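Trainee: I am new to this structure. Could we go through it together, asking how each description is justified?

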Amino acid sequence: PSFWNKAAKILYRSALPSLPLVAPPKPHSILSKLPTYANSLQKQQQQPISAASNSLSKEKPDMNLPEGRILVTGGAGFIGSALVHALNELGREDILVTDLLGSTEKWHNLVPLKFNDYLEGDQLLEKIKEEDKGFDDIGLILHLGACSSTMETDAAYLIRNNYQYTVALADWVIKRDVRFVYASSAATYGDGSQGMDDQSDDLAALRPLNMYGYSKHMFDLHAQ
């Protein structure tokens, strides 16, 4: 159940409800349902294991996900793999997972998951820019992929990987009217002196303290 709490927090931080990037979210969208589902799972933790198992199979909510394949970027990471697992629990396996595995051990997170394709993140960007027809069946993008190290000092890399990559995905979905949920970051708030209100429209007043936070802040401003 804890993976839903993590996934709910990072997805709920997305600025979609107040941004003109996509159509206004539907009442029963994945974004509005995540916290509710997390709460229901928390309650089930207090039940005996057998009872919790039975109730999980009976009480899965209708997430009303868009038609089409689901693209999860950063799907091998801690949050991304938990989100793919949650989608599997809802019966969804028509998922394209992307990440940058490199020489890391993140591939272990993918082993128990069910998805119909995997693509390295740099390959995805190439295909998106080429307008590859193989992605025409995608109906939802859950964009968690990013370099999240607050210690990263290569500003050019963070601009390319966190900002420009997200801009390319956003441009692609806007042309096709595809639902797009992206993960911003609490690092955009800086020291909090300008407030930490997710509903605030005054994003320009925020002052991130590291380059990672600024790279995420740049796209928030772009989307706004």
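**Reading the helix and the spaces**

Mentor: Gladly. At the start of α7, the backbone nitrogen of Ala156 lies within 3.3 Å of a side-chain oxygen of Asp154. Please keep in mind that this is a predicted model.

Trainee: What makes that pair at the start of α7 a polar contact?

Mentor: A polar contact needs N or O atoms within 3.5 Å. The Asp154 oxygen comes to within 3.3 Å of the Ala156 nitrogen, so the pair meets that cut-off.

Trainee: How do you know that the span of α7 agrees with its number of residues?

Mentor: Its 22 residues, at 1.5 Å a residue, should span 32 Å, and the end C-alpha atoms are 31 Å apart, so the two agree. Still, α7 has a bend of about 30° at Gln164. After the helix comes Asp177, with a positive phi near 55°.

Trainee: Which residues does Ile159 touch, leaving aside those up to four places away in sequence?

Mentor: Ile159, which sits in α7, touches Gln164, Met211 and Met218. Contact means heavy atoms within 4.5 Å, so each of these residues must meet that limit with Ile159. Ser215 is 56 residues from Ile159 along the chain, yet their C-alpha atoms are separated by 5.8 Å.

Trainee: Why is the space of about 30 Å³ called a cavity?

Mentor: It is called a cavity because a 1.4 Å probe fits there but cannot get out. The structure holds one cavity of 30 Å³ or more. His143, Asn162, Thr166, Tyr182, Ala183, Lys216 and Phe219 line the largest cavity. Both α7 and α8 (211-223) give two or more residues to that lining.

Trainee: What makes one residue of the cavity lining charged?

Mentor: The lining has three nonpolar, three polar and one charged residue. Lys counts as charged, so Lys216 is the charged one.

Trainee: What is the volume of the largest pocket, and which residues lie nearest its centre?

Mentor: Its volume is about 760 Å³. Among its 32 lining residues, Leu144, Gly145, Ala146, Cys147 and Asn161 lie nearest the centre. The lining has 13 nonpolar, 12 polar and seven charged residues. At least two lining residues come from each of α4 (78-89), β2 (95-99), α6 (121-129), α7 and α8.

Notes: Residues are numbered from 1 along each chain as its sequence is written. This is a predicted model: local features need pLDDT of at least 70, side-chain atom pairs count only at pLDDT 80 or more; totals for chains, interfaces and linings use all residues. Side-chain values use heavy atoms; hydrogens and water are left out. On a 1 Å grid over the protein atoms alone, a cavity is a set of points where a 1.4 Å probe fits but cannot get out, and a pocket is an open set with protein on both sides within 12 Å along at least five of seven lines; lining residues have an atom within 4 Å of a point. Grid points are joined across faces, edges and corners, and a volume is the space filled by probe spheres set on the points. Helices (H or I, at least four residues) and strands (E, at least two) are DSSP runs, numbered from the N terminus. The expected span of a helix is 1.5 Å times one less than its number of residues. The bend at a residue is the angle between axes fitted to the seven residues ending there and the seven starting there. A polar contact is a pair of N or O atoms within 3.5 Å; within protein, one must be able to donate a hydrogen and the other to accept it, and residues adjacent in sequence count only if both atoms are side-chain atoms.
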